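User: I would like to go through the labels used for this model and see what each one rests on. Please set each value against its cut-off.

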Amino acid sequence: MAKCAICEKGAHFGNNVSHSHRRSNKMWKSNVKSVKVKVGAGARKMYVCTSCLKSGKVERA
């Protein structure tokens with residue numbers, strides 16, 4: 001699973017609890033996109049979460 005290159009946000013793990021209270025494994029995936037980003041003089045492709053894109057921490061190329 002990809003991680004955000006800016007804030008290191010990745011997948012979270014926990015339990016899925018049914019009505020009868022039986023537990024099974026669950027994974028919450030973060031909303032990470034592959035984006036072309038301006039880095040220095042050029043552009044680079046990296047994985048960035050949508051919250052970093054919306055907040056303006058990254059500038060698209």
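Analyst: The model is a predicted one. A start can be made with Ser30, which is buried, with a relative accessible area of 13%.

User: What makes Ser30 count as buried?

Analyst: Buried means under 20% relative accessible area. Ser30 has 13%, so the label applies. Ser30 lies in the loop between strand S2 (23-28) and S3. A polar atom of its side chain is 3.5 Å from the backbone oxygen of Gly10.

User: Why is Cys49 not counted as disulfide-bonded to Cys52?

Analyst: A disulfide needs two cysteine sulfur atoms within 2.5 Å. The closest cysteine sulfur to that of Cys49 is in Cys52, at 3.5 Å, which is too far for a bond. Cys52 is likewise in no disulfide, with the sulfur of Cys49 as its nearest at 3.5 Å. The structure holds zero disulfides.

User: Are these two cysteines classed as buried or exposed?

Analyst: Both fall under the 20% cut-off for buried. Cys49 has a relative accessible area of 1%, and Cys52 has 2%.

User: What makes the contact of Glu59 and Lys38 a salt bridge?

Analyst: The criterion is a side-chain nitrogen of Lys or Arg within 4 Å of a carboxyl oxygen of Asp or Glu. The N to O distance here is 3.3 Å, so the pair qualifies. The pair links distant parts of the chain, 21 residues apart: Glu59 is in the segment after helix H1 (50-55), and Lys38 is in strand S3. A search of the whole structure finds one salt bridge.

User: Why is Lys38 called partly exposed?

Analyst: Partly exposed lies between the buried limit of 20% and the exposed limit of 50%. Lys38 has a relative accessible area of 47%, so it belongs in that class.

User: How do you know that S3 and S4 are paired?

Analyst: Two strands pair if there are at least two bridges between them. Eight bridges join strand S3 (residues 32-39) to strand S4 (residues 42-49), so the criterion is met. The two strands run antiparallel, and Ser34 has Tyr47 as its bridge partner in S4. S3 and S4 form a hairpin with two residues between them, and Gly40 in the turn has a positive phi of about 65°.

User: Why does Phe13 count as exposed?

Analyst: Exposed means over 50% relative accessible area. Phe13 has 64% relative accessibility and therefore counts as exposed. Phe13 lies in strand S1 (residues 12-17). With Met1 and Met27, Phe13 makes a nonpolar surface patch of about 370 Å².

Key: Residues are numbered from 1 along each chain as its sequence is written. This is a predicted model: local features need pLDDT of at least 70, side-chain atom pairs count only at pLDDT 80 or more; totals for chains, interfaces and linings use all residues. Side-chain values use heavy atoms; hydrogens and water are left out. Patches are made of residues with over 30% relative accessible area and no salt bridge: like charges are joined within 9 Å, nonpolar side chains (Val, Leu, Ile, Met, Phe, Trp, Tyr) within 5 Å. Accessible areas come from the Shrake-Rupley method with a 1.4 Å probe; for residues, only the protein chains shown count as cover. Helices (H or I, at least four residues) and strands (E, at least two) are DSSP runs, numbered from the N terminus. Buried means under 20% relative accessible area, exposed over 50%, partly exposed in between (1.4 Å probe, protein chains only). A polar contact is a pair of N or O atoms within 3.5 Å; within protein, one must be able to donate a hydrogen and the other to accept it, and residues adjacent in sequence count only if both atoms are side-chain atoms.
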